[in-house]
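The following exercises are to be worked from the coordinates. Each task is followed by a solution in steps.

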Amino acid sequence: MSEARRVIRDGLWDNNVVFGQMLGMCPTLATTGSATNGLGMGLATTVVLVCSGVLVSLFRNVIAREVRIAIYVLLMSSIVTLVDMTMNAWMHELHKVLGLFIPLIVVNCAIMGRAEAFASKRTPGIAALDGLMMGIGFTLALMVLGGVREAIGQGTLFADASMLLGERFAFLELRLDDYRGVLLMILPPGGFLALGFLVAARQRMLARARTRASLTNGDAVAGA
Amino acid sequence: MSTLATGGLRQRPGLLLGAFALGCSALLGAGDLVTRAEIRLRQAEDLRHALDQTLASVPHDNNPADDTVAVDAGNGKTITIYRARQGGEISGVAFNWVGEAGYGGPITLTVGVAHDGRIASVRVLSHSETPGLGDKIDVRKSDWIRAFDGRGLDTGTRWAVRKDGGDFDQFAGATITPRAVVGAVHDSLRFYAAQRERLLAPQAPASAGREGEPAAVPAKGSAS
Amino acid sequence: MKIFRFRGGIHPEGNKDPTACHPIARLPLPKRLYIPLQQHIGEPAAPEVKVGQHVLKGQRLARHQGSVSAPVHAPTSGTVVAIGDHMAPHPSGLPVQTITLESDGEECWVATEPAVDPFSLSRAEVSARVRDAGIVGLGGAAFPAAVKLDAGNRHPIETLIINGGECEPYLTCDDRLMREGAGYVVEGVRLIASGLGARRTVIAIEDNKPEALEAMRAAAAAHPGITVLRVPSRYPMGSEKQLVSTVTGLEIPAGKLSAEIGVSVHNVGTALAVCRAVRFAKPLVSRVVTMGGGAIRNPRNVVVPIGTPVADLVEFCGGFTVTPSRVLMGGPMMGQVLPGLEAPVVKGTSGIIALTAAEAHAASQRACLHCGRCVDVCPVGLVPLDLAARVRAGRIDDAAELGMGDCLSCGCCAYVCPAHLPLAHLFNYAKGEIAARREAQRKAEDTRKLAEARRLRLAAEIAAKAARRSARSSDNVEIGS
Amino acid sequence: MTSWTPNRSPVAAPHVHGRTAIPQVMRTVLLALLPATATGVWLFGWPALNMIVLSIAGCVAAEAAALAIGRRALAHTLGDGSAVVTGLILALCLPPWAPWWLPLLGGAFAIVVGKQVFGGLGQNVLNPAMLARVALLVSFPLEMTAWVAPQPLFSAAAPGFLESLAITFGAVAAPDAVSAATALAPLKTGGEFAAGPALIALGLGTVPGSLGETSALALLAGGALLIARRIVPWQIPAALLGTLALLAAIFNQIDPAHYAPPLLHLLGGSALMCAFFIATDPVGAPVTPSGRLIFGAGIGALIYAIRTWGGYPEGVAFAVLLLNAATPLIDHLVRPRRYGRLRSGAPLPVIRREDGR
């Protein structure tokens, strides 16, 4: 498997930020009241992940070990602030929805984690790809989580998507009429519950895959 | 950056950190410069939009956001009044009003009052009522709050919930929250009546409020 | 006299009436006796008879070896037919070194030293007679009694406590012994007291044995140094630590002997054996055994020669009415499952209990409810449910940290557990594991010490050699100069 | 007969066992809940019975499903009766005329989220029934606070059996005419606190409230049975009710107009139900007597605080869950002293009595 393919697989599934590494729990739980919110938060985080990956990778030969964490923090907080200002200026409606959470991106340890574990050792190109894939993986995870909470919580899917993506995407918005909603799922405890069940489901899938793999291996041994 | 210079910086982590801090500051400064004007514009738009909504039923041809006057509310607090004008004559005002405690704490309203002392519209700006029970005062959850439109001190309205012999519905399962809101709106109207002469005094638009600095931003959605 | 309450404990159904109401019966002499060489805690005894040799009743068959050990005597006269492996009265059913004796039916006693006034003997002589008679603690623990008496020489004994508690359900052998032989028991008690130099003596009897209490009071009335104390019936009252606390209000500090706080505890059966040994110079060759449990046709107490196969005893008591769900040696709380009826009665056998399925209340395990009943009843103050969770998770060290080593194995926790968890079983396993680890550690330490000693010795030898050489050379020098 | 084939698998001591077993404990709890259940059904009629059936069915079905998914022994675990107890307690905590999906959903939530995800009976940290009660209260505040005035079975105003099916299964909400406020309502909304004859009604249970929590006498009878049978330790109810009453008395002395009298706190709402049947669930309670006192006192104090200053009308469920979470800490802090050792675990110093007593 080439490194690029490995990076893509890692980001989307094997080492998914939320379900694999269990990183970035703060934004994960705080912003996934709806699929749309999850999508927005995920996209903003992706931008930051790619930028920080490229920057850290570019400067990887300059940054001294002793101060690397401080420098990462400087870089990331700057990027986040720039993203915040840019969104406030040119994506104002979206900023009003996500405004509270954008500064929170800086405490998303996934970003620091990728900088330390990946970008600081690789070339900018692959670091950008890693950032992008981790970001997309994060976005997908947040969307799934938000979607589940939203669907159970208030019987909608991608509510207000048009506010984030423009009127053309209004078709995404689904609504179950006459559904009274389970408020708990929208509230913070619902985030924990949904996350717990999703992680459990993923673990079960992995365990099944392992059993299958060991079974086929066993057959091979028996056949030989 | 020459190899010599980077090598030198690597040996001096303090200097390296300083250099990064400087670079990041410059970046943020530049970002601020580019976005500042745009962001201010957006915020002004927000305020205007909110005021236009609150004063939608009041004919006006000015921008109430630019026509403010600060009034002493008596308890040491100052309330900023936004005034709507039609042909130079004041046709209505809007202001934020902090009511008495509901079930979960104080409820902040934005009240629009027409020239004749009747309610143009009331919106809840922030509250911490029980989700799903007391939060029907939010216009996004129910139309209950529209019941105030057109009512005034002189319209024969009994300013209380039905349970207390008034004209306003309580909602099923919750009495305290609507009781608090009805009381708050009633209070705000009395405040308006007491201050009416001063508020309606012909005054040059620019002389009162400090221009360009909204004292309160009644942005919709901030209650979420 | 003030009685102190100990923590925890339970009130199991006594089931003592079926056996307590009958006088002690005497078992007809069995044809063959199987006498294990280890019937006590410590080193096994070393045989000193040969196959084919004829022995007399009371003749020593094996002598004690090591500091903690006891000799074994012939329970009747007859011929040694085998010295070899026989099933031990232990759940494992593993064979142990056993002398098989075929009785000649004569019951011919070996010549014994003449009886003397036992109270003229010195403390050391009392202790020696107790040791030579092979007396061990007859309450069940089977700790050599002489070792306990000797401990009194190192630590002055303030209080001698005679354990007449018999808190185990079903068992009544001590009860009957006190009713029928109170005089001998009291004399034995006085001998132990004088052997220990104890200042006061307390005979503690649970309040569910009023007849024994009365008989003992009457027998001890003439001796002002002896108090017969009525203590509440609560299991494990008969445990040494709990009995000491009940009588004196003191706790035996962890890791210490009761002698170190000036208390020594002996069983009433031991007292009787001491009386026989010291006054009549008769060794310990028989004991009273309770034959109880719902599956025994005629439950009663029986005097039995040591080495009698359990099958003979069961037959004497009319056999089983139903097939027992388990046959135990000792009481149901701490006794052990018998591997087979061919196992012999030994010195520590207080009873043979054949339980029906209904008596055992066996039920399948369920999940721990965290109800805390085990905490309430633990006489040590442990938190059994926490210990069990750790032992089950294999975290033996954590369990040791929480006090696993202090567990008495009394089984109170398992008795009350509504989930029927095998708590005592888990704890015995954990304690064995801890002991094994400690042993391994000790061995490693010993090896290290030996290596160190060897290194030092070699170094010393080299140094000595060098010294001698230099001495010689200096001599030479002197000579040469 | 002297033949006997020994059982070769070693069975460890003790060989006798007390008669208390988990299924029997659960049966006793159900028996103790009977007075409150019967009173509830009598007062609130057929819809209340529907509720109880649905809640228990929800719990048992969810337990069976969870066990099946986890491939665990179905009959053995279901046989312990704990799911039935959870279902009944949950039903007794709900508004008596709640729609059908409320007890079903609550029962499933209690068992799946409250119990099985932790590993089943004995492994759960939090009280399943209370977890479900909180989840329902947070999610469906309207349905969870729709109280009705009691309309005893067979009385003129009471709904018949068919009508009760319409109330439970029909989408129609209980008619406005029967909706009412609980005795605790004045704590939040102001107004007169119940006193005198009204307190007698609280004792009998002829007031609006949760299905099985209105009758103080019925609950006391069940609680007395549990304590007498030693199914629950007395420390928890005593500390809980004592603390609640003490706090209520203190504040009531300070300002009788604002703070309700102790009797109202004890008899109105869920305090008694909680003290005897909920807080005493052993799974989430401490195991030492002093730990249980701390636990009970903590719940009592929290109930008072939430009722008086909190955002919800009743604080029992929240208080129990919070103290459940604190239980491991309490158990860690108040371990019993071990025989022969100091509290620190070090051996006692050797003390000799030389005074010749």
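**Exercise 1.** Describe the pairing of strands E7 and E8 of chain C, and place both in their sheet.

Solution. In this predicted model, strand E7 (residues 78-87) and strand E8 (residues 95-103) of chain C pair in the antiparallel sense, over nine bridges. One bridge joins Met87(C) to Pro95(C) in E8(C). Next, the sheet: it is open and antiparallel, with four strands of chain C in the order E2-E8-E7-E4. Strand E2 (32-36) and strand E4 (54-55) of chain C each pair on one side only, which makes them the edge strands.

**Exercise 2.** Classify the salt bridge between Arg442(C) and Asp446(C) by distance, sequence separation and exposure.

Solution. The N to O distance is 3.0 Å, under the cut-off of 4 Å. Both residues lie in helix H15 (residues 423-480) of chain C, four residues apart, so about one helical turn separates them. Arg442(C) has a relative accessible area of 41% and is partly exposed; Asp446(C), at 32%, is also partly exposed.

**Exercise 3.** Carry out the classification for Lys115(D) and Glu63(D).

Solution. The closest N and O atoms of this salt bridge are 3.1 Å apart. Lys115(D) sits in the loop between helix H5 (101-112) and helix H6 (128-139) of chain D, while Glu63(D) belongs to helix H2 (residues 46-69) of chain D; the pair therefore ties together parts 52 residues apart in sequence. Buried means under 20% relative accessible area. Lys115(D), at 2%, is therefore buried, and so is Glu63(D), at 0%.

Definitions and conventions
Residues numbered from 1 in each chain as written. Chains lettered and ligands numbered in written order. Predicted model: local features only at pLDDT ≥ 70, side-chain atom pairs only at ≥ 80, totals over all residues. Heavy atoms only, no water. Pairing = 2+ DSSP bridges. Helix = DSSP H or I, 4+ residues; strand = E, 2+ residues; numbered from the N terminus. Salt bridge = Lys/Arg side-chain N within 4 Å of Asp/Glu carboxyl O. Buried < 20%, exposed > 50% of the residue type's maximum accessible area, 1.4 Å probe, protein only.
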